[in-house]
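Here are my notes on the model, set out as numbered points. Please read them with the structure open.

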Amino acid sequence: MLLILTYITISLLTEVITNNAAALLMLPIVLEITEKADLNNVPFVFAIMMAASASFATPLGYQTNMMVYGPGEYRFIDFLRAGIPMNIIAGVVTITVLLIGWPLTK
């Protein structure tokens, strides 16, 4: 559950600030949480990397989204319609691979 919450938190955060800032902000927090809970931090770091990179739901989260927003005459809702399903798919695949590929306990 902690891995899923980590992914969701980073994913939501990266939609309103840049992906680099979201990852940098949350990495020390997640590392501290995994240390206190005696968990393997590798899958959590991978979850941070993937969630921060999967910024599809708003034009604010990634500079390329912002570059096409105006010239393409897109609306904010267009990003939500296409981006939310893509974020969910990326999240499910990432969490599944992490749970299968890495043990959560040390």
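1. Pro43 touches Leu3, Leu98, Trp102, Pro103 and Leu104, leaving out residues up to four places away in sequence. Pro43 itself lies in helix H3. With a relative accessible area of 0%, Pro43 counts as buried because the cut-off for that class is under 20%. Ala23 does not appear among those contacts; the C-alpha atoms of Pro43 and Ala23 are separated by 14 Å, with their positions 20 residues apart along the chain.

2. A word on the source: this is a predicted model, and the values in this note are to be read in that light. The chain has five helices and zero strands, which gives the pattern α-α-α-α-α along the sequence. The C-alpha trace spans about 50 × 25 × 15 Å along its principal axes.

3. How much of the chain is buried? Of the 106 residues, 33% are in the buried class. As for the reach of the contacts, take those between residues at least 6 apart in sequence: 66% of them join residues at least 24 apart.

4. Helix H5 covers residues 76–101, 26 residues in total. From its first C-alpha to its last, H5 reaches 36 Å, close to the 38 Å expected at 1.5 Å a residue. Where does H5 bend? The bend is at Gly83, by about 30 degrees, and Pro85 follows within four residues.

5. The buried residues of H5 are Phe79, Gly83, Asn87, Ala90, Gly91, Thr94, Ile95 and Leu98. Gly83, the site of the bend, is thus in the buried set. For the spacing in that list, recall that an α-helix has 3.6 residues a turn, so residues three or four places apart point the same way. The cover over the buried residues of H5 includes helix H1 (2–14), helix H3 (42–53) and helix H4 (63–69).

6. Ala82 is also found in H5. Is Ala82 buried or partly exposed? Ala82 is partly exposed because its relative accessibility, 43%, falls in the range between buried (under 20%) and exposed (over 50%). The C-alpha atoms of Ala82 and Ala52, 30 residues apart along the chain, are separated by 17 Å.

7. The packing of H1 on H5 can be described in more detail. Their axes come within 11 Å and cross at roughly 145 degrees, and the crossing is right-handed. H1 contributes Leu3, Ile4, Tyr7 and Ser11 to the contact, while H5 contributes Asn87, Ala90, Gly91, Thr94, Ile95, Leu98 and Leu99. By class, this contact has seven nonpolar residues, four polar ones and no charged ones. Leu3 and Leu98, both part of this contact, are also touched by Pro43.

8. Which residues does Met26 contact, apart from its neighbours within four places in sequence? They are Thr9, Ile10, Leu13 and Ile48. Met26 is found in helix H2 (residues 19–36) and is buried, at a relative accessible area of 13%. Of its partners, Ile10 is 16 residues away along the chain, and the two C-alpha atoms are separated by 7.3 Å.

9. Val30 is in H2 as well. Its relative accessible area is 5%, so Val30 is buried. Leaving aside neighbours within four places in sequence, Val30 is in contact with Thr6, Phe44 and Ile48. Thr6 and Val30 are 24 residues apart along the chain, with their C-alpha atoms separated by 7.6 Å. Ile48 is a contact of Val30 and also of Met26.

10. Two loop residues deserve a check of their backbone. Asp38, in the loop between H2 and H3, has phi near 55 degrees, a positive value in a residue other than glycine. Glu73, in the loop between H4 and H5, also has phi near 55 degrees and is likewise not a glycine. Most residues other than glycine have a negative phi. On accessibility, Asp38 is partly exposed, with a relative accessible area of 48%, whereas Glu73 is exposed, at 69%. The two fall in separate classes because exposed requires over 50%.

Methods. Residues numbered from 1 in each chain as written. Predicted model: local features only at pLDDT ≥ 70, side-chain atom pairs only at ≥ 80, totals over all residues. Heavy atoms only, no water. Expected span 1.5 Å × (residues − 1). Bend = angle between axes of the 7 residues up to and from the residue. Buried < 20%, exposed > 50% of the residue type's maximum accessible area, 1.4 Å probe, protein only. Contact = heavy atoms within 4.5 Å. Axes fitted to C-alpha atoms, helices over the stretch in contact; angles between N-to-C directions. Left-handed = near helix turned anticlockwise from the far one by under 90°. Nonpolar A, V, L, I, M, F, W, Y, C, P; charged D, E, K, R; others polar.
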